[in-house]
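Reader: Hey, could you walk me through this structure? I'm new to it.

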Amino acid sequence: MYRRGRRYSERVVDSEDARADGLLRTPDGSVTAYSARFGEHYSSRHGARTQARHVFVEGSRTHLQGAPRVLEVGFGLGINFRATLADARTRGVPLTYVAFEFDPAPRSVLEAAAEDTNDDVWAAVLASWGAPLTVDHPGVHLDVRVDDVTAALLPAGWATAIYLDGFSPARNPEVWTPAFTERLAGALAPGGVLTTYSAAGDVRRALLAAGLQVTKRAGPPGKREHLVAERPA
Ligand SMILES: C[S@@+](CC[C@H](N)C(=O)[O-])C[C@H]1O[C@@H](n2cnc3c(N)ncnc32)[C@H](O)[C@@H]1O
């Protein structure tokens, strides 16, 4: 049913023009990759790590939570997970992270994108990569579910944060429909925040229709604005 992408090149290049289907080093030094299946990079070409921290960790106020519970649409290369893990480790707070991913990228790509990460939780992710996985370490619980999130059961009223990061509405409309947005809103705990890099009008209207309080926030490098949506407490 799903189109499979071309194989990934495992050589990191510094220029987007040099290779369209491989790994790309972004201006903040972090690495992203191109998905041939969706025709987009996994994270911002203007700074993958910066986007993860700004849009997802800070946009959802996860960096202020005493015990964040994150639900992610699209684990991808784990860039958002690693940014969230680093934040939780630095602050010494427990982290619970549930991510959906229906097309796991090759382990070698995850490894290359995380060349600067030396973390036992990340090592456990790589060790079991490709299959549904659960990692339980002191202070960190991670579930990666290899499922189509649009057909999955979502935990009701659970998430302090939802990272909606499933490629763009133009390339992957299934994860941006009003019906799915409403289901995501139902997975937020009261006061929980859904954040996405998108600032599209249709996405904003779907979030509003789902009963969330929507705000436009300054975007990361390369993007003027992005959306955050809070479930009223
Ligand atoms: C933009 S990338 C995510 C990047 C990721 N958050 C990171 O930090 O590296 C989008 C990911 O969503 C996944 N995806 C798209 N639609 C999905 C669906 N319906 N169910 C599960 N995963 C999906 C894709 O396979 C892809 O890995």
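Author: We'll talk about the ligand and its pocket. This is a predicted model, where local features need pLDDT of at least 70, side-chain atom pairs count only at pLDDT 80 or more, and totals for chains, interfaces and linings use all residues. Residues are numbered from 1 along each chain as its sequence is written, and side-chain values use heavy atoms, with hydrogens and water left out.

Reader: Cool. Which residues come nearest to the ligand?

Author: Gly 74, Asn 80, Glu 101, Asp 148 and Asp 165, out of 21 residues around the ligand. Being near takes a heavy atom within 4 Å.

Reader: And which backbone atoms are close to the ligand's oxygen atoms?

Author: A polar backbone atom of Ile 79 is 3.1 Å from a ligand oxygen, and one of Asn 80 is 2.8 Å from a ligand oxygen. A polar contact is a pair of N or O atoms within 3.5 Å.

Reader: What about a nitrogen atom of the ligand?

Author: A ligand nitrogen is 2.9 Å from a polar backbone atom of Val 149.

Reader: How much of the ligand's accessible area does the protein cover?

Author: The protein covers 99% of the 600 Å² that the ligand has on its own (Shrake-Rupley method, 1.4 Å probe).

Reader: New topic: what classes of residue make up the shell around the ligand?

Author: Nine nonpolar, six polar and six charged residues. Asp, Glu, Lys and Arg count as charged, Ala, Val, Leu, Ile, Met, Phe, Trp, Tyr, Cys and Pro as nonpolar, and the others, Gly among them, as polar.

Conventions: A polar contact is a pair of N or O atoms within 3.5 Å; within protein, one must be able to donate a hydrogen and the other to accept it, and residues adjacent in sequence count only if both atoms are side-chain atoms.
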